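User: Please take a close look at one helix of this model and at how its buried side is covered. Some context on the whole chain first would help.

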Amino acid sequence: MKVIVAEHYGLCFGVRDAIAQAEKLASRGPLTILGELVHNPVVREGLTRRGVREGALHDADSAQTHHVMITAHGASDKARAEWREAGFGVADGTCPLVRQAHEKLRSLVELGYAPVVIGKPGHVEVQGLTGDFSDACVVESANDIARLPHAEKLGVISQTTQPLDKVLALVEVIRASRPASEVKFCDTVCQPTKNRQLALRKLIAECDTLVVVGGRNSNNTLQLVAAATVAGRAVFHVERAEELRAEWFHDTRVVGVTAGTSTLKETVAAVKTRLEVIAAEFSIATH
């Protein structure tokens, strides 16, 4: 069994910087992060060991410290202001590319476009993007488009971790369903997500089995799992190397490894090592 790792995988710069920021703040004093800094249990466990606590973005009573931190997924300006007005010291770990999506949406609204966000309803990033605009609509699938207003102008962005192909297809459906509206789309799918999706396509062409490493509630990780599944590959989604089982790979010739943007490189390395051990055991057993 051959093991191949994707060209682009794992931790992106926005997540890396947010983790470094949280660790630095925690070294200075007690810190509460307002939600999961990133959707990865290994990262959360590391922060917990440093004494970092978790609160809830929309519950001031959940903060156990004076200093609080916005997660890499971002938050609405309204939420930030509420924490500052309540007397907390607020640090911002928002990924710069998520912040850019906020700015794009605000610019569209200021130009008179009704705000539309393509993404997963209820996801913390999407909640942050829509939180300052009471009339914002969230579109996850074509079934949601009927709810869009018949506005003169529709301004569309997307959650940064959505598959670009899906986003572009939904934009075309929006345009077709609202022929009388001017539909302006700003591409806010982040480059790290695009890189990982493109690298996955290349990996799929070479492998019969895929292992995707990342948090089970990580949207971009789940998108990688979905894409590999649609391509007809056997797919195993794990959060850490210890979850791998040799029996999963009995009929595998080539296994590919990729990971979501909140997955530590060390976790991916451990998964690769474990797969290589399994491959060596198979080789010994067949000789």
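Analyst: Of the 287 residues of the protein chain, 53% count as buried, where buried means under 20% relative accessible area, exposed over 50% and partly exposed in between, with a 1.4 Å probe and protein chains only. This is a predicted model, in which local features need pLDDT of at least 70 and side-chain atom pairs count only at pLDDT 80 or more, while totals for chains, interfaces and linings use all residues. Residues are numbered from 1 along each chain as its sequence is written, and side-chain values use heavy atoms, with hydrogens and water left out.

The secondary structure of the chain comes to nine helices and 12 strands; these are DSSP runs numbered from the N terminus, helices being H or I with at least four residues and strands E with at least two. Among contacts (heavy atoms within 4.5 Å) between residues at least 6 apart in sequence, 71% join residues at least 24 apart. Along its principal axes the C-alpha trace spans about 70 × 55 × 25 Å.

The helix chosen is H4, residues 96–110. H4 has 15 residues and reaches 21 Å from first to last C-alpha, close to the 21 Å expected at 1.5 Å a residue; the expected span is 1.5 Å times one less than the number of residues. Its buried residues are Leu-97, Val-98, Ala-101, His-102, Leu-105 and Leu-108. Viewed down the axis of H4, they fall within an arc of 160°, so they line one face of the helix. That arc is taken from the directions from the helix axis to the C-beta atoms. In general, an α-helix has 3.6 residues a turn, so residues three or four places apart point the same way.

The cover over the buried residues of H4 includes both helices and strands. Among the helices are H1 (13–28), H5 (124–130) and H7 (191–206). The strands include E6 (114–118), E8 (153–158) and E9 (182–185). After H4 comes Gly-112, whose phi is positive, near 95°.

Elsewhere in the chain, an open sheet of four strands has the order E3-E2-E4-E5 with parallel pairing; two strands pair if DSSP finds at least two bridges between them. Its edge strands are E3 (53–55) and E5 (89–92), each pairing on one side only. Strand E2 (residues 32–34) pairs with E3 in the parallel sense over three bridges, and the bridge partner of Ile-33 in E3 is Glu-54.
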